[in-house]
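Hi,

Here is the structure I promised to pass on. Have a look at it first, and then read on for what turned up in it.

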Amino acid sequence: MLEGYLPILVFIAVGLIVGAAPLTLGVLLGPRHPDDAKDSPYECGFEAFEDSRMKFDVRYYLVAILFIIFDLEIAFLFPWAVVLKHIGIFGLLSMALFLGILVIGFIYEWKKGALEWE
């Protein structure tokens, strides 16, 4: 009865070995040249120059939100394109409505100047 789970256990074991082996080799064989800069909490090479609670421009967030929206749009378009023959005209109109709403939002952001960098 448990024989069916053997391929799954082998798959998990191989995945763990493939994931852990490079990490272990890197720790064991990697060069160790610690200095003050590498041991500091900020590895960027210089000290923090402002407060960590400084304000960010809202356009940064708007561009990030636009990226997520259009990334999700593509994620919805692939499965829709695969089953388009099966869902027919209803699926076509639903996707047209979905894309239309996204285009209206994009035009709104464009007109508001959210994509303009000064």
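Let's start with a rule for aromatic rings: the rings of Phe, Tyr and Trp (its six-membered ring) count as a pair if their centres lie within 6.5 Å. Please keep in mind that this is a predicted model. By that rule, the count comes to three aromatic pairs.

One of them is Phe76 with Phe98, an edge-to-face pair with 5.7 Å from centre to centre and 85° between the planes. Planes over 60 degrees apart count as edge-to-face, so you can see where the label comes from. Phe76 sits in helix 3 and Phe98 in helix 4, so this pair ties together parts that are 22 residues apart in sequence. Are these two rings hidden away? Not by the numbers: Phe76 is partly exposed, at a relative accessible area of 49%, and Phe98 is partly exposed as well, at 27%.

Then there is Phe106 with Trp110. Their ring centres are 5.7 Å apart and their planes are at 55°, so this pair is tilted. Both residues lie in helix 4, four residues apart, which is about one turn of the helix. Phe106 counts as partly exposed at 28% relative accessibility, while Trp110 counts as exposed at 53%. Ring pairs also link Phe70, Phe106 and Trp110 into a cluster.

Now for the helices themselves. The chain has four helices and zero strands, so from the N terminus on the elements simply read α-α-α-α.

How do helix 3 and helix 4 lie relative to each other? Helix 3 covers residues 58-82 and helix 4 residues 84-112; their axes come within 10 Å and cross at roughly 170°. Angles over 145 degrees count as roughly antiparallel, and the two helices are therefore roughly antiparallel to each other.

Plenty to look at where they meet: the helix 3 side includes Leu62, Leu66, Ile69, Phe70 and Phe76, and the helix 4 side includes Ile87, Met95, Phe98, Leu102 and Phe106. The residues of this contact divide into 17 nonpolar, one polar and two charged.

Finally, the chain as a whole. Of its 118 residues, 8% are buried. The accessible surface comes to about 10800 Å², and 73% of that belongs to carbon and sulfur atoms. Among contacts with a separation of 6 or more, 62% are between residues 24 or more positions apart.

Over to you, and happy browsing!

Conventions: Residues are numbered from 1 along each chain as its sequence is written. This is a predicted model: local features need pLDDT of at least 70, side-chain atom pairs count only at pLDDT 80 or more; totals for chains, interfaces and linings use all residues. Side-chain values use heavy atoms; hydrogens and water are left out. Axes are lines fitted to C-alpha atoms, for helices over the stretch in contact, and angles run from 0 to 180 degrees between N-to-C directions. Angles under 35 degrees count as roughly parallel, over 145 as roughly antiparallel, 65 to 115 as roughly perpendicular and the rest as oblique. Contact means heavy atoms within 4.5 Å. Ala, Val, Leu, Ile, Met, Phe, Trp, Tyr, Cys and Pro count as nonpolar, Asp, Glu, Lys and Arg as charged, and the others, Gly among them, as polar. Buried means under 20% relative accessible area, exposed over 50%, partly exposed in between (1.4 Å probe, protein chains only). Accessible areas come from the Shrake-Rupley method with a 1.4 Å probe; for residues, only the protein chains shown count as cover. Rings of Phe, Tyr and Trp (its six-membered ring) pair if their centres lie within 6.5 Å; planes under 30 degrees apart count as stacked, over 60 as edge-to-face and the rest as tilted.
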